[in-house]
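Hi everyone, thanks for coming. Let me put the structure up on the screen, and then we can walk through it together.

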Amino acid sequence: MIEKVLKGSPKFYVWLVFLGSLIGLGAFTYLFQMKYGLSITGMSRDVSWGFYIAQFTYLVGVAASAVMLVLPAYFHHYKKFKKMIIFGEFMAIGAVLMCMLFIVADMGQPQRMLNVMLHPTPNSVMFYDMMVLMGYLVLNAVIGWTTLECERHQVEPPKWIKPLIYLSIFWAFSIHTVTAFLYSGLPGRHYFLTAIMAARFLSSAFCAGPSILLLLLFVVRKMTGFNPGKEAVQTLTKIITYAMGINVFFFLLEVFTAFYSGVPGHAHPIAYLFSGHGGHVDWITGFMWVGAILAILSLALLIPPSLRDNEKLLPWSLAILVTATWIDKGLGLIIGGFTPNPFEKYTVYTPTVPELLISLGIFATGLFVVSILWKIALDVKKEAGTF
C-alpha cells in the first residue's frame, strides 16, 4: 500500500515539502543543542523539565485518545466509528513518534536513551513509560496496517487481530497512567503530588485528542470530500463534552484542596500560575487566565445540543477546547510543578527560541508521518468503495 504515497496531487507534495523544511530547520537547530548542550534552553537546575517534556505529556494524551473510537466500536459494537478508527490509530502512531522525539531532545544527547534499554531499571517509572509507549506504537502499527489491508481486499480481518485490538484498549489507558506516575511520584513537587493526576491526564486526553482528530478530519473533508459521518461526529462530540466537563471538575478539585486545606506547598504553585509572586506577574499568568476562560467557553459552546450540533460552530468550539487543554497541560503543568522549588525559591522559566524551533521540527515530523499514513488510508477507502 505504500505505493499510494507516490500518487498524489501537487498540493499534497507541496505540503510535504513545507513540513520537510520545518523538519530541516528543527534538525539544524538540534545540532546546536548537541554542540552547546541544554544551556541553549530555558531550563536550569531548578527547572529541569521544560517545554520538551510538557509537549511529550500532552502528546501522550493525544496518542491515547484513539481508544475513544476503538472502545465503543469493539466493546459496544457502535459501528458508526469504524469508518474513523483507522485515522485515530494512524494519528496515534504520529503522536507516539513525537513523544519519543521530545524525550530524545530533552535528554540532551540521544545515545542516553540506550541506557534505558541496555541497563533497564525495573523499579524506575521511566523504564515502564518507555515500554508502554513502544508497545502502543507497535500495536497501532500492526492493527492499523492489517485492518486497512483487509479493507483494501474487502475481506474480514484475521482472527488474531481482535485480541490485539482489545489489548490496545487497555494499553491506551496504561500509557497515560504511567506518564502521570512520573509526575505524581515526585514528593518534592507539590503541584504534581496528587492522587488524581492520572485521572486528570486521562480526562484531558479523552477530550483534547478526539478534538484534534475531528479538526483534522474536517480539514480532510474539505480537501478530499471524505465524510466521517454526521452521527459519528455528533457521538464523538458528546464524549468530548463529557470528558472536558470531568477535566475541569478535576482541576477545580485541586484548587479547592489546595486553598481550603491551607497547606502552603499545594497553594503556592496555583497562586503563582494565576497571580505571580511577590507582586511580580510572569508571562505564564496571562496564558493561564486565557486557558481558564477558553475552558469555560468551550463547555458553554459544547454542552447545549443546539450549539454542539452546529457544524459551522463545532470546529471553533473544538479549537478553543484544544487551546485550553494545551495551555493547562502543555505549559501550566510543568511551570507550576517546578515553581516554586522545594526550597520555596522562584525561578522563572521561559522557553527559548531554539527550544521552540526544535519543537516545531518535531511537530512537523509527526504531521509528516500522519499525512503519509492518512493519504494511504484515504486512497484505500476510495479503492474499496468505503470512502
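**A network of charged side chains**

Let's start with R200 and D328, whose side chains meet in a salt bridge, 3.6 Å from N to O; that term means a side-chain nitrogen of Lys or Arg within 4 Å of a carboxyl oxygen of Asp or Glu. This pair links distant parts of the chain, with R200 in helix α8 and D328 in helix α13 (residues 314–338), 128 residues apart.

A word on the background: this is a predicted model, where local features need pLDDT of at least 70, side-chain atom pairs count only at pLDDT 80 or more, and totals for chains, interfaces and linings use all residues. Residues are numbered from 1 along each chain as its sequence is written, and side-chain values use heavy atoms, leaving out hydrogens and water.

Now, which residue joins R200 and D328 in a network of salt bridges? That is E254, which meets R200 at 3.9 Å, N to O. E254 lies in helix α9 (residues 230–261) and R200 in helix α8 (residues 197–224), so this pair ties together parts 54 residues apart in sequence.

Are these residues buried or exposed? R200 is buried, at 5% relative accessibility, and so are E254 at 13% and D328 at 15%. Buried here means under 20% relative accessible area, exposed over 50%, and partly exposed in between (1.4 Å probe, protein chains only).

Stepping back, the protein chain has 14 helices and 0 strands, counted as DSSP runs from the N terminus (helices H or I, at least four residues; strands E, at least two). Of its 387 residues, 52% count as buried.
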